[in-house]
Amino acid sequence: MRMRLDRRPPQTAPEPRGVRKAILLVEKRSKEAIWDCRMCGQCILHSTGLSCPMRCPKNLRNGPCGGVLQNGNCEVVPDHPCVWVQAWKGSRVLPVWRDHMTHVQRPVDWRLQGTASWENLLTGRDRYVPPGWASAQGASHR
Amino acid sequence: MSSVEARSHLHRLLLAGEFVVTAELETTDSPDPESVYRFADALRGNVDAVNCTDNSAAHPHLSSQASAHFLADRGVEPIVQFACRDRNRIGLQADILGAAALGARNLCLMTGDDVGVGDHPEAKPIYDLDSIHAIRIAKVLRDEGVYLSGRRLAEPPSYLIGAVENPFAPPLDLRPMRLGKKVEAGAEFVQTQICFNMPKLRLFMSRTEDLGLLDRVWILGGVFVLRSARAARYLRDQVPGIDIPDEIVRRMEALPAERQSGEGIRVALELVAELRQVRGITGVHLMSIKGDREILRVIDEAGLLPRPAGVEHAVAG
């Protein structure tokens, strides 16, 4: 069976049907069960110590905020551990991706919310970089 | 570094290697410019720049852009804060441009306290961006002259880009690396969270040095001037991310109420003196709650006066 890759911009992507729906459901069920995944559609779990950054109430993708409690719990949900404290611990035992914590992650493309990141990876739809963001890559300052 | 053209008075002093002094403006809840002028007049000549907070602790107040404009009006250089809690990428870019138009030459970008700690806990928090995104976007506006979308500005704004970092909150090992990400995104100076725990600060600074960041970013240590034992307990129990050792709380509690304010000044003076000895700390950022007079006493008694002159009066334009 041939699957045609849909490279259209996300806002015009059709409702998932058939194989695409199956991919979505498998990803959703498994990643929700294992990582409490929020289906942002642009997965960076391997860069965040396998701790889903969208579980952070502030949706932080580049590290913890300054409000982490002294016991390592979240300032917003004080009886939960900070997602980024877990991410840091998780990243220490990862091979290869261990140092991906230092990567600057670009802003979230909210159009991908609820879509399958596996499909987006295949189609390249999760590689959209705002043109202004791309213009500053690697620029030096000060 | 010295060939860089200064974007602000604060920038000029930092480039010159001065130990700088910044303070936080008391929030006001009035549309009357006098509410800001009052503080501006007291601070002028005693500090190098003043932070205009952005709905601090998730309570609405006079906006940071308006406060900054009124400060600049009175010859006090503002540092305009923007939090990601209240605006998306469209609003942020408009506000940065607006602040620059109103005379702001320094920004300080942060994620922001959550709405839950404020007086509108039922509000929808935005968090379209995180602080590192905001920093990079401010840099793109300034250095590339384009919006995030790539659309060109008629004229790019000019400002020094600041950020915050908390050396005292877990995970401690990650904090210097996170500062490195902010520097990579475009932060040129950072103001730390309130420092009461010098050993943690020294550890943070030595790791920051190991990462080669000390000659890439100016770091200002945050100092809070306690006015009472109650304030110390409030910081310890109510403000997330603040590490205030019990011995400091006990030190305040050991004195009768009328002598606690003096003790708070002594604690702040000790911290300022210690911070000045830490390699890589290039200034202090003073904060308080309704303690503007106490802040001025700390600056004076720490021997930080007179401040270097040279800020032109008309910053707007």
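A residue is buried if 20 or more other C-beta atoms lie within 10 Å of its own, exposed if 12 or fewer, and partly exposed in between. The exercises below apply this rule and others to a predicted model.

**Exercise 1. Burial of three residues**

Task: Determine whether Lys290(B), Met39(A) and Val36(B) are buried, partly exposed or exposed.

Solution.
Step 1. Lys290(B) has 10 other C-beta atoms within 10 Å. The limit for an exposed residue is 12 or fewer, so Lys290(B) is exposed.
Step 2. Met39(A) has 19 other C-beta atoms within 10 Å. A buried residue needs 20 or more; Met39(A) is therefore partly exposed.
Step 3. Val36(B) has 26 C-beta neighbours inside 10 Å, and it therefore counts as buried.

**Exercise 2. Backbone angles in two loops**

Task: State the sign of phi for Lys290(B) and for Met39(A), and locate each residue in its chain.

Solution.
Step 1. For Lys290(B), phi is near 50°, a positive value in a residue other than glycine. Lys290(B) belongs to the loop that runs between β8 (281-287) and α11 of chain B.
Step 2. Met39(A) is not a glycine either, yet its phi is positive, at about 55°. In chain A, Met39(A) sits in the loop between α1 (18-35) and α2.

**Exercise 3. The surroundings of Val36(B)**

Task: Identify the element that holds Val36(B) and the residues that Val36(B) touches beyond four places in sequence; then describe how that element packs against helix α3 of chain B.

Solution.
Step 1. Val36(B) is part of helix α2 (residues 34-43) of chain B.
Step 2. Leaving aside residues up to four places away in sequence, Val36(B) touches Thr28(B), Ser67(B), Phe70(B) and Leu71(B). One of these pairs illustrates how folding joins distant positions: Val36(B) and Phe70(B) are 34 residues apart in sequence, while their C-alpha atoms are 6.4 Å apart in space.
Step 3. The axis of α2(B) comes within 9 Å of the axis of helix α3 (residues 64-73) of chain B, and the two cross at roughly 50°. This angle makes α2(B) oblique to α3(B). The crossing is right-handed.
Step 4. On the side of α2(B), the contact is made by Val36(B), Tyr37(B) and Ala40(B); on the side of α3(B), it is made by Ser67(B), Phe70(B) and Leu71(B). Sorted by class, these comprise five nonpolar residues, one polar residue and no charged residues.

**Exercise 4. A second helix pair in chain B**

Task: Describe the packing of helices α10 and α11 of chain B and the classes of residue in their contact.

Solution.
Step 1. Helix α10 (residues 257-277) and helix α11 (residues 292-301) of chain B have axes 10 Å apart and pack at an angle of about 45°. With that angle, α10(B) is oblique to α11(B).
Step 2. The crossing of α10(B) past α11(B) is right-handed.
Step 3. From α10(B), the contact involves Ser261(B), Gly264(B), Ile265(B), Ala268(B), Leu269(B) and Val272(B); from α11(B), it involves Glu294(B), Arg297(B), Val298(B) and Glu301(B).
Step 4. The classes are five nonpolar, two polar and three charged residues.

**Exercise 5. Cis peptide bonds**

Task: Find the residues joined by cis peptide bonds in chain B and give omega for each bond.

Solution.
Step 1. Pro170(B) and Pro171(B) are joined by a cis peptide bond with omega about -10°. Pro171(B) lies in the loop connecting β5 (160-165) and α6 (175-185) of chain B.
Step 2. Another cis peptide bond joins Leu305(B) to Pro306(B), with omega about -5°. Pro306(B) is in the segment that follows α11 of chain B.

**Exercise 6. Chain A and its partner**

Task: Describe the elements of chain A and its contact with chain B.

Solution.
Step 1. Chain A contains four helices and zero strands. Of its 142 residues, 36% count as buried.
Step 2. In the contact between the chains, 34 residues of chain A meet 42 residues of chain B. The elements of chain A that give two or more residues to this side are α2 (83-92) and α4 (131-135); α4(A) gives the most, with four residues.
Step 3. By class, this side of chain A has 19 nonpolar, 11 polar and four charged residues.

**Exercise 7. Confidence**

Task: Assess which part of chain B has pLDDT under 50.

Solution.
Step 1. Chain B has an average pLDDT of 95, and 97% of its residues score at least 70.
Step 2. Over residues 313-317 of chain B, pLDDT stays under 50. Where pLDDT is low, the predicted coordinates should not be read in detail.
Step 3. The model as a whole scores ipTM 0.92 and pTM 0.94.

Technical notes
Residues are numbered from 1 along each chain as its sequence is written. Chains are lettered from A and ligands numbered from 1 in the order in which they are written. This is a predicted model: local features need pLDDT of at least 70, side-chain atom pairs count only at pLDDT 80 or more; totals for chains, interfaces and linings use all residues. pLDDT is the predictor's confidence in each residue, from 0 to 100. Two residues are in contact if their C-beta atoms, placed from the backbone, lie within 7 Å. Ala, Val, Leu, Ile, Met, Phe, Trp, Tyr, Cys and Pro count as nonpolar, Asp, Glu, Lys and Arg as charged, and the others, Gly among them, as polar. Axes are lines fitted to C-alpha atoms, for helices over the stretch in contact, and angles run from 0 to 180 degrees between N-to-C directions. Angles under 35 degrees count as roughly parallel, over 145 as roughly antiparallel, 65 to 115 as roughly perpendicular and the rest as oblique. A crossing is left-handed if the near helix is turned anticlockwise from the far one by less than a right angle, and right-handed if clockwise.
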